[in-house]
Amino acid sequence: MKLEAPARPASAPRRWRAAALARSTTRPAGPGRIADIRRDPLMSNSFFLMLTTVTAAAAGFLFWILVAHLYPAEEVGRASSLISCVYLLSYFSLFGLSNTLVRHLPTSERPGDETSTAVVTACFGTLLVSGTFVLAVPWLAPQLAFVHSSPLTVVVFLVLAGGAAVNLLTDSVFVAFRSTRYNFAINGVLMGSLKVALPVAFVFAGAMGIFLASGLASAVAAAVSIWVARRKLRLRVRPYFSWRLLRRTIAYSLSNYVACSLNLVPQIVLPLVVLERLGPVPAAVFFIAFQIANLVYCASYAIGDALFAEGSQAKADLRSIARRSGAAMLAVNVPAAAFVMLLAGHILNVFGPEYARGGTTTLLVFALSALGVAFYTWADFLLKVTRQLTASVASNLVAFAVILGITLAKVDEGLVWAAIAWGIGNVASGVVATAALLLSRRGPLAARRPSRKEAS
């Protein structure tokens, strides 16, 4: 028997918007008090998103420590490259719908139908994008050929890739409705616990076993997220697709898709370039260093998501949101980056001496790049909120060209060049995005014209 969540009354969207407006226009009280932070949606949602990422990253940290001791470094290198590919392919499968849901769900009259349409689209997107990847593996990354060693492995790969895509999409639903505590409970606690528990069960399968452990955790999180959205948010998520709903936002979605794809391509290509140019062991070192650096980057991504959600509310004070989010990014990133730089060698040594020998300098550069990542993330989310998607595409194109250009030209000289390229690319992209915000009349950084009263 199929259970459906109770349908919301027709007036519910108006009540939700009224509540959102009340929260977004409430002036936050003075800093330094926990009660003030809880009343400020930007800060409270940023807190839960950071807590989610830190918890998930800590679980990932334990996962890779366990994997590094259970599996040979060559298998870790191949599996880490495959997991990076799946994580990013799942973003490609969304066709920009995750950002679209954050931007449009808070004011939607049919949030359940829009969410259902997005989930169905993501499933079809997985078949298209991940299926193409499987067919192209022999040419793109021969060392990952085990993915299509049998029809069963292909099916498992596609199912787990679909689970990762749906999980990312439901994350955006919780962000849109300022319910990021569910992100923490599902992705931070549940998925993190499963990731740590599963690697032991699949040691016999080598690199594919590492992938199974990670992918199954994500697929379970996706299923639980849909259940929570139905029960707690009262969203009637079901097998439903509406071309009319999709067509209304397709231009915004595809523009975001292009911008996000340009940003994500370096993240999927860098591990593959390192794997093919330097071998599986440097690929494993690169992956571990990048994952540790992402513990620092998570603050920028979390605050950026909260910025996007708050800026999408009705009558949001975007200038204030931009100022507070930028200050929060600096306040968290500077000490976090300094901490990782100070202890880089010791952190990597936990995974094994070969990781510390080959990756300490690379991790130092990745940690220093946190300020560049924060700069880019802050400016790019402001472009998305103000619908300056052409500028967003341009800034991400700059990052794409700089990161891949430097990596392809210099990585043969050492692994550290991949990290250097990453940092320079993010700074260059942030410069382009900020220039667009300063030049646009819609941006929060644009010069304000004095009113007639002020002029007189």
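## The protein as a whole

Of the 456 residues in this protein, 55% are buried. Keep in mind as you look around that this is a predicted model. If you count the elements of secondary structure, you will find 19 helices and zero strands.

Contacts tell you how parts of the chain meet. Among contacts with a separation of 6 or more, 81% join residues that are 24 or more positions apart. On the outside, the accessible surface is about 19500 Å². Carbon and sulfur atoms account for 68% of that surface.

## A cavity to explore

How many cavities of 30 Å³ or more does the structure hold? There are four. Let us visit the second largest cavity, which has a volume of about 90 Å³.

Its lining is made by Leu97, Thr100, Leu101, Glu114, Thr117, Ala118, Leu245, Leu246 and Thr249. Three elements each give two or more residues to this lining: α5 (97-104), α6 (111-140) and α10 (243-248). Try finding these helices in the structure and see where they meet the cavity. Sorted by character, the lining of the second largest cavity has five nonpolar residues, three polar ones and one charged one.

## Two loop residues with positive phi

Now for the backbone. Which value does phi take at phenylalanine 95? The angle is near 55°, which is positive although the residue is not glycine. Phenylalanine 95 sits in the loop that runs between α4 (73-92) and α5. Its relative accessible area is 22%, and because buried means under 20%, phenylalanine 95 counts as partly exposed.

Arginine 234 also has a positive phi, near 60°, and is likewise a residue other than glycine. You can find arginine 234 in the loop between α9 (207-231) and α10. With a relative accessible area of 36%, arginine 234 is partly exposed.

## Cysteines

How many disulfides does the structure hold? The number is zero. Two of the cysteines are worth a look for their surroundings.

Is cysteine 298 buried or exposed? Cysteine 298 has a relative accessibility of 2%, so it counts as buried, the cut-off being under 20%. Cysteine 123, by contrast, has a relative accessible area of 39% and is therefore partly exposed, since that class lies between the 20% limit for buried and the 50% limit for exposed.

Methods
Residues are numbered from 1 along each chain as its sequence is written. This is a predicted model: local features need pLDDT of at least 70, side-chain atom pairs count only at pLDDT 80 or more; totals for chains, interfaces and linings use all residues. Side-chain values use heavy atoms; hydrogens and water are left out. On a 1 Å grid over the protein atoms alone, a cavity is a set of points where a 1.4 Å probe fits but cannot get out, and a pocket is an open set with protein on both sides within 12 Å along at least five of seven lines; lining residues have an atom within 4 Å of a point. Grid points are joined across faces, edges and corners, and a volume is the space filled by probe spheres set on the points. Helices (H or I, at least four residues) and strands (E, at least two) are DSSP runs, numbered from the N terminus. Ala, Val, Leu, Ile, Met, Phe, Trp, Tyr, Cys and Pro count as nonpolar, Asp, Glu, Lys and Arg as charged, and the others, Gly among them, as polar. A disulfide is a pair of cysteine sulfur atoms within 2.5 Å. Buried means under 20% relative accessible area, exposed over 50%, partly exposed in between (1.4 Å probe, protein chains only). Contact means heavy atoms within 4.5 Å. Accessible areas come from the Shrake-Rupley method with a 1.4 Å probe; for residues, only the protein chains shown count as cover.
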